[in-house]
Amino acid sequence: MSKLHPLNQYTSLSHRAVRRFIRRTIARPLITTVLSTSTEGQESVAELEGAYIVVGNHSSHLDAPMMFTLLPSHMTDRLATGAAADYFYRRRIISKLTALFFNTYPIERKGKVKTATGRGLREQEGPSPAAGMTGRLLRAGIPILIFPEGTRSRDGRMGEFKAGAAALSQKISVPIVPVALIGGHDAMPVGAVWPKLGRPRAKLVLGSPMLAEDGETVEEYNARIRACVAAMKATGHPHSGEDIDQDAA
């Protein structure tokens, strides 16, 4: 059995302070220089603490930077996210910078060639929905960012959500925080290496935290999460997830 990836980085107060400094002095000023940004729905997460799963649509390499710079600081201070080992962990310097800016941990995607980047990369999300690094972090009280589509949309339209986030939320009894990212694809579509000129508009919309309802299956819960994100993406305003028309979304 491979050695488990250590949790020190994700619980360290000093590492958290360094990331907070970088976010305030480098990441946030850079994002607001290249994009005209706005955030709506902060009041719905004002009391949020402990472990939870932030879920958002994914259509641009701007999505993670937007999340980690535009979410309220009490969320971004501890938020961690999985990053594709074959893409972000091929070179040590890139993996170190990614981990520092976005508090990442490596995840191997199915069908991808294994990369020789050190310990932790053999840990995959196993057959149990609470297995792997993601479950360990949630159980340690660390919030997680997940893009359930699994990869960026090529045309900006939202794809289907994989059910892993919903399953983890149910299994470990942590809430889902639905987030809609608007404008990222137009500003920096797949294939672009830098955002378009002119500070295109981009918006983050936060919905109310969600929990699975009594008797709700993972598939039903996942569909409700996706419908909430889709509704916020379409309207540009927060939703609670309680009164979403899933068929319309």
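In the predicted model, the largest nonpolar core comprises 30 residues, of which Ile53, Leu137, Leu138, Ile176 and Ile225 touch the most other members. Two or more residues of this core are contributed by each of the elements β2 (53–56), β4 (104–107), α7 (132–139), β5 (144–146), α8 (164–172), β6 (176–182) and α10 (218–235). Helix α10 provides the largest share, with six residues. A second core, separate from the one just described, contains 26 residues, including Val45, Ala64, Met66 and Met75. In soluble globular proteins, nonpolar side chains tend to be buried together. The surroundings of one residue of the largest core may be described in detail: when neighbours within four places in sequence are set aside, Leu137 is in contact with Leu7, Tyr10, Ala80, Tyr105, Ile142 and Ile144.

The strands of the sheet were examined next. Seven strands are arranged as an open sheet with mixed pairing, and their order is β1-β7-β6-β2-β5-β3-β4. The edges are formed by β1 (36–40) and β4, each of which pairs on one side only. On average, and with direction ignored, neighbouring strands of this sheet are turned by 25 degrees against each other. Within the sheet, β6 and strand β7 (residues 201–206) pair in the antiparallel sense over four bridges, and Val205 of β7 is the bridge partner of Ala180.

Helix α10, which gives the largest core its largest share of residues, lies across β2, β6 and β7 and runs at about 35 degrees to β6. This helix also packs against α8. Two packed helices are described by the angle between their axes and the distance between the axes. The axes of α8 and α10 come within 9 Å and cross at roughly 115 degrees, and the contact is made by Ala166, Ala167, Ser169 and Gln170 on the side of α8 and by Val218, Tyr221, Asn222 and Ile225 on the side of α10. The crossing in which α8 passes α10 is right-handed.

Among the residues of α10 that take part in this contact is Asn222. Asn222 is counted as buried because its relative accessible area is 11%, which falls under the cut-off of 20%. A polar atom of the Asn222 side chain lies 2.9 Å from the backbone oxygen of Phe161. With neighbours within four places in sequence left aside, the residues in contact with Asn222 are Phe161, Lys162, Ala163 and Ala166.

For helix α8, the buried residues are Ala165, Ala166, Ala167, Leu168, Ser169 and Ile172, and these pack against β2, α7, β5, β6 and α10. Helix α8 is followed by Ser173, a residue whose phi is positive, near 60 degrees.

A further site concerns Phe102, which is placed in helix α6 (residues 92–102). Phe102 and Arg19 are separated by 83 residues in sequence, whereas their C-alpha atoms are 8.1 Å apart in space. Apart from neighbours within four places in sequence, Phe102 is in contact with Ala64, Pro65, Phe68, Leu79, Ala80 and Thr81. One of these contact residues, Ala64, is included in the second core, while Ala80, also in contact with Phe102, is in contact with Leu137 as well.

Note on methods
Residues are numbered from 1 along each chain as its sequence is written. This is a predicted model: local features need pLDDT of at least 70, side-chain atom pairs count only at pLDDT 80 or more; totals for chains, interfaces and linings use all residues. Side-chain values use heavy atoms; hydrogens and water are left out. A nonpolar core is a set of buried Ala, Val, Leu, Ile, Met, Phe, Trp, Tyr and Cys residues joined through side-chain atoms within 4.5 Å. Buried means under 20% relative accessible area, exposed over 50%, partly exposed in between (1.4 Å probe, protein chains only). Contact means heavy atoms within 4.5 Å. Two strands pair if DSSP finds at least two bridges between them. Axes are lines fitted to C-alpha atoms, for helices over the stretch in contact, and angles run from 0 to 180 degrees between N-to-C directions. A polar contact is a pair of N or O atoms within 3.5 Å; within protein, one must be able to donate a hydrogen and the other to accept it, and residues adjacent in sequence count only if both atoms are side-chain atoms. A crossing is left-handed if the near helix is turned anticlockwise from the far one by less than a right angle, and right-handed if clockwise.
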